[in-house]
Each structure stands twice: as C-alpha cells, then as structure tokens.
Protein chains: 2
Amino acid sequence: MSTAEETAGGEIEPWDEVTPDAARRLLVAAVEAFAERGYHATTTRDIAGRAGMSPAALYIHYKTKEELLHRISRIGHDRALDILRTAAAGDGDATLRLAEAVSSFVRWHAGRRTTARVVQYELDALGPEARAEILDLRRQVDAEVRGIIEDGVATGEFDVPDVHGTTLAVLSLCIDVARWFNVDGPRTPDEVGALYADLVLRMVGAAK
Amino acid sequence: MSTAEETAGGEIEPWDEVTPDAARRLLVAAVEAFAERGYHATTTRDIAGRAGMSPAALYIHYKTKEELLHRISRIGHDRALDILRTAAAGDGDATLRLAEAVSSFVRWHAGRRTTARVVQYELDALGPEARAEILDLRRQVDAEVRGIIEDGVATGEFDVPDVHGTTLAVLSLCIDVARWFNVDGPRTPDEVGALYADLVLRMVGAAK
DNA sequence: GCCGAAACTGAGCGCTCGCTTAGAACGCTC
DNA sequence: GAGCGTTCTAAGCGAGCGCTCAGTTTCGGC
C-alpha cells in the first residue's frame, strides 16, 4: 500500500522514505510553502499550519527550519541524480541515451515542479556544510550528462566544439523548466520533455 | 561626465537615470544585497549600511523596501527589452539577428549578473500591481524573440516545429545564465554569448 | 486497566524586522 | 546672515519571527 500524498497541483509526491507520518506531512507542507513563497518568506507557523499541527510540533521532528530544507534538497537531488544515472546507463547509443536523459529529467522538473523549484532555487539558503554536500551531488549530475555527450562525440554521433559549455547549457535548460512551467499551462510534462529532447539533440548536432 | 558606479565584481552599472546620488547609492546597494541573499533575506539595515547611511535614510528616497525592488526590476526589464529590440530591428537576415539577440542578451545576463539575478529571480516578491506591470514587459520580451524566429521560419532559414515552445526554451536558456554564471569562472560574458548564439542557431535548425 | 515513552499543544521568550518620529545639520536664496 | 526646505541621524515602536518549555494527551505492551 502506497503512502504517497497528492498535492494541490495533482502531482503525486512519493515521500515514502520520510517517516513517521507526521514528519512526512510537515515535509510536504514545507515543500509547498517554500515553492510558493521561497524559504526566507516562509514561516514555521505556516508550515505547521498546512500540516494541521501547532508551530511547536515541527520541532519534535526537525531541529530547525533549515533542516527541513536540507532534507528536501537531499532527497530531491538524490532523485534527480537517480533519473540521470538510469538514463545514462541505458543500452542504446549516445543519441538515444541523451534523449532519454533530457526527457525524463525535464519530465521530473515539470511534473514535480513544486519539489524541483525548492531543490534548484533555494540552495543558497542552506548553511555551508549542507550546501557543500548538495554541490557535490550537483557535480555528479553534471558528470552524468557530460559523460553521455563525451560518448556521443567519441562515436561521432555528436558534433560538439565545447563539451563542458554545452553540458552546462543542457542542464541549465532543463533546470529552468522548474521556474517557468505552469501546471495550468498548455503543455504537459511529457510534451515539454519531448520538445526539449529534440532541442538538445539539435544542440549537440545529432542526426535526426 | 559619467556617474557610473563600479561594483565589487568589476561590472559597470550605469544607473545614471536614478537621481539624486544618495538614491542611486541605495539602489546599487540594494541590487548587490538582493542578488547575494535574495529580497526576503535582505534587511533595510543592510542596504542602508552598504550605502554608508543610517537605516532611516532609505525612507527619504523610497517609500518601502518593495519600491526599491520595483524600481530595480523596472529599469532592468527596460534594459533587457531594449537590448532585444535593438537586435531584432537590425538589418541582417533572421539568422544574423537571432545570433545577435542571443549573444547580446546573454552578455548582459553574464556581465550584469548581479542586476540580472534580481530582475529575473525576485519577481515573486513584488506586489500584484507591480508584478503585473513587469509581466507585461516579459510578454514584450517574448514577442521580440518569437518575431525573429517567425521571420526565419517564413524565409526558410529555420526549421522549427514548435515556435512558441522553442521561443520559451531560447529565453529560458539565456535567462538561466544569471543563475549559474560566475565572474571568477573560466568563461567571459563574450565567450558565453558566442557559445549560446551557436547553440540557439542549432536549436532552430539554421545553416551554419 | 495501568504505566512510561512518545507526540503534541498553549503560551511565550528574546530578538530582529520594516518603518516612524523628533530633531540636528546642511545648503541655497535674498 | 537670517530663514527655510531638504537631507540626514538616533532612538525606538509594534509586529512577527524562530524556537523553547511545562504540561497534557495518546497509545502500545503487559
């Protein structure tokens, strides 16, 4: 039996790894509040209120407001990295693996926009040690995408003069989806994923 | 004689239109503080301190902290729109005009990263009327880029199945430069501009 | 049905926030 | 050099912040 929560946007957020139930409700409430207003503009009273609890209850499950953000950021980055690793380890050629990596990564940023927004844009609110931990995960994310592009260049599938710069641009393009994607807009996450996969293949000069 | 200010990053910020001098110093201080910490994490005491004034002095020149953000956002969007209009109104073909639009737009986001960060990422901190005004400017930004792409499709220079989606992606790519660009990093704004112009021409299927 | 640990609440502490006010200092006009 | 509007500061107000704590409720194990 799943303990997934359904948010206002209709997204299914599988925060199954967070227990007990009250801690998960608080974390989901924090994700929504941080995504809507930003970390600094969100109050602990607001988070607790959304979870149907008193302000003090938050501190039973989390030491500080920052620990909530840290947990969210860690789980989110783990998930994002997992998506890219799965795509990178696929058994197609580089073109296919890059298309799959971009479309699934974008699908996550669009479909789980609430989470992705917090994960990608609230990094600066973390303290030095927590930020360093997350930055290490980001380097691994970068390495996965760069690896696929290097593979494609090696096999002659891609024509990329600046591998590092292009990797940066591809990731930047995908990540920024979390900023502009609108659940009530004209595009589904699947459609944006397909469009972006096509655009990225063009960027690396892959044959259609 | 210019009254331009030189910031810590070595960028020249021509806030000439802001007078008197004390008001401009406060505004430049606010740009730096908002860019570093975000609007909500910045205190009016910090802004005034950076400008070498007491906290109360801020309220001689601005009604509220939000008015400071509004002024910054308005001026920044005006400048960004001006850059795109100039490129769009150039006399080359669509390929040349798109390349010029992207490279100059990216150059601004990288070279004036401090300003661009505030302009692009602190929109949600504005009140409803101010936000509506800025969103209207963003629609004009979108229309300029879309116009060039439509021109290129009409002349057969570009091969773009989804003009609206591609416009969104191109702008998204450029804007996100303000998030990741590092003044101390390996690339100059000129280099990023050139790289991105090339990537965008590939995205629209333009002949090299 | 009793007990101790765990989960939770109501009240509120100490602090810092955005912003205000009273009055001093400055610069310009005549 | 008197008068006056402008620009600034020192002090601080009311509110809301993150977080704490004493005490109440809940609940599984026996």
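A polar contact is a pair of N or O atoms within 3.5 Å. Keep that cut-off in mind for the stops at the DNA. The model on screen is predicted.

**Stop 1: DNA strand C**

Select DNA strand C and the protein around it. The strand is surrounded by 16 residues, and the closest are A:Ser54, A:Ile60, A:His61, B:Thr43 and B:Arg45. Of the strand C atoms that come within 4 Å of the protein, 51% belong to sugar and phosphate.

Now show B:Thr42. One of its polar backbone atoms is 3.0 Å from a phosphate oxygen of DNA strand C. Move on to A:His61, where an N or O atom of the side chain is 2.7 Å from a phosphate oxygen of DNA strand C. B:Arg45 reaches a base: an N or O atom in its side chain is 2.9 Å from a base nitrogen of DNA strand C.

Which elements give two or more residues to the surface near DNA strand C? They are helix H3 (58–61) of chain A and helix H2 (44–50) of chain B.

**Stop 2: DNA strand D**

Select DNA strand D next. Around it are 16 residues, of which A:Thr43, A:Thr44, B:Ser54, B:Ile60 and B:His61 come nearest. Sugar and phosphate make up 52% of the atoms of DNA strand D that come within 4 Å of the protein.

Show A:Thr42, which has a polar backbone atom 3.1 Å from a phosphate oxygen of DNA strand D. At B:Ser54, a polar side-chain atom lies 2.8 Å from a phosphate oxygen of DNA strand D. Then return to B:Arg45. An N or O atom of this side chain is 3.4 Å from a base oxygen of DNA strand D, and an N or O atom of the side chain is also 2.9 Å from a base nitrogen of DNA strand C.

Helix H2 (44–50) of chain A and helix H3 (58–61) of chain B each supply at least two residues of the surface near DNA strand D.

**Stop 3: B:Tyr59**

Stay in helix H3 of chain B and select B:Tyr59, which is found there. Is B:Tyr59 buried or partly exposed? B:Tyr59 counts as partly exposed, because its relative accessibility is 45%.

Leaving out residues up to four places away in sequence, B:Tyr59 touches B:Thr44 and B:Thr64. For a wider view, add B:Ala23. This residue is 36 residues from B:Tyr59 along the chain, and their C-alpha atoms are separated by 10.0 Å.

**Stop 4: the two protein chains**

Zoom out to chains A and B together. A rotation of 180 degrees, with 0.0 Å of shift along its axis, superposes chain A on chain B with an RMSD of 0.0 Å. The two copies are therefore related as by a two-fold rotation axis. To find the axis from chain A, select A:Leu173: its C-alpha is the one in that chain nearest the axis, 2.5 Å from it. Both copies use the same surface, as 100% of the contact residues of chain A recur in chain B.

**Stop 5: helix H8 of chain A**

Select residues 163–175 of chain A, which form helix H8. The end C-alpha atoms of this helix are 18 Å apart, which agrees with its expected span because 13 residues at 1.5 Å a residue should span 18 Å.

How many of the residues of H8(A) are buried? The count is 11 of 13, so H8(A) is mostly covered. Among the buried residues are A:Val163, A:Leu173, A:Cys174 and A:Ile175. At the start of H8(A), a side-chain oxygen of A:Asp162 comes to within 3.4 Å of the backbone nitrogen of A:His164.

**Stop 6: the cysteines**

Select A:Cys174 and B:Cys174. Over all chains, a search of the whole structure finds zero disulfides. For A:Cys174, the nearest cysteine sulfur is that of B:Cys174, 15 Å away. B:Cys174 is likewise in no disulfide. A:Cys174 counts as buried at 1% relative accessibility, and B:Cys174 is buried with a relative accessible area of 2%.

**Stop 7: A:Pro189 and helix H5 of chain B**

Select A:Pro189, placed in helix H10 (residues 189–203) of chain A. A:Pro189 is partly exposed, with a relative accessible area of 24%. Beyond its neighbours within four places in sequence, A:Pro189 is in contact with A:Arg107, A:Ala110, A:Gly111 and A:Phe181.

End in chain B with helix H5, residues 94–111. H5(B) reaches 25 Å from its first C-alpha to its last, close to the 26 Å expected for its 18 residues. Of those 18 residues, 14 are buried.

Notes:
Residues are numbered from 1 along each chain as its sequence is written. Chains are lettered from A and ligands numbered from 1 in the order in which they are written. This is a predicted model: local features need pLDDT of at least 70, side-chain atom pairs count only at pLDDT 80 or more; totals for chains, interfaces and linings use all residues. Side-chain values use heavy atoms; hydrogens and water are left out. A disulfide is a pair of cysteine sulfur atoms within 2.5 Å. Buried means under 20% relative accessible area, exposed over 50%, partly exposed in between (1.4 Å probe, protein chains only). Copies are superposed by least squares on the C-alpha atoms of residues with pLDDT of at least 70 in both. Contact means heavy atoms within 4.5 Å. Helices (H or I, at least four residues) and strands (E, at least two) are DSSP runs, numbered from the N terminus. The expected span of a helix is 1.5 Å times one less than its number of residues. A residue is near a molecule or strand if one of its heavy atoms lies within 4 Å of it. A polar contact is a pair of N or O atoms within 3.5 Å; within protein, one must be able to donate a hydrogen and the other to accept it, and residues adjacent in sequence count only if both atoms are side-chain atoms.
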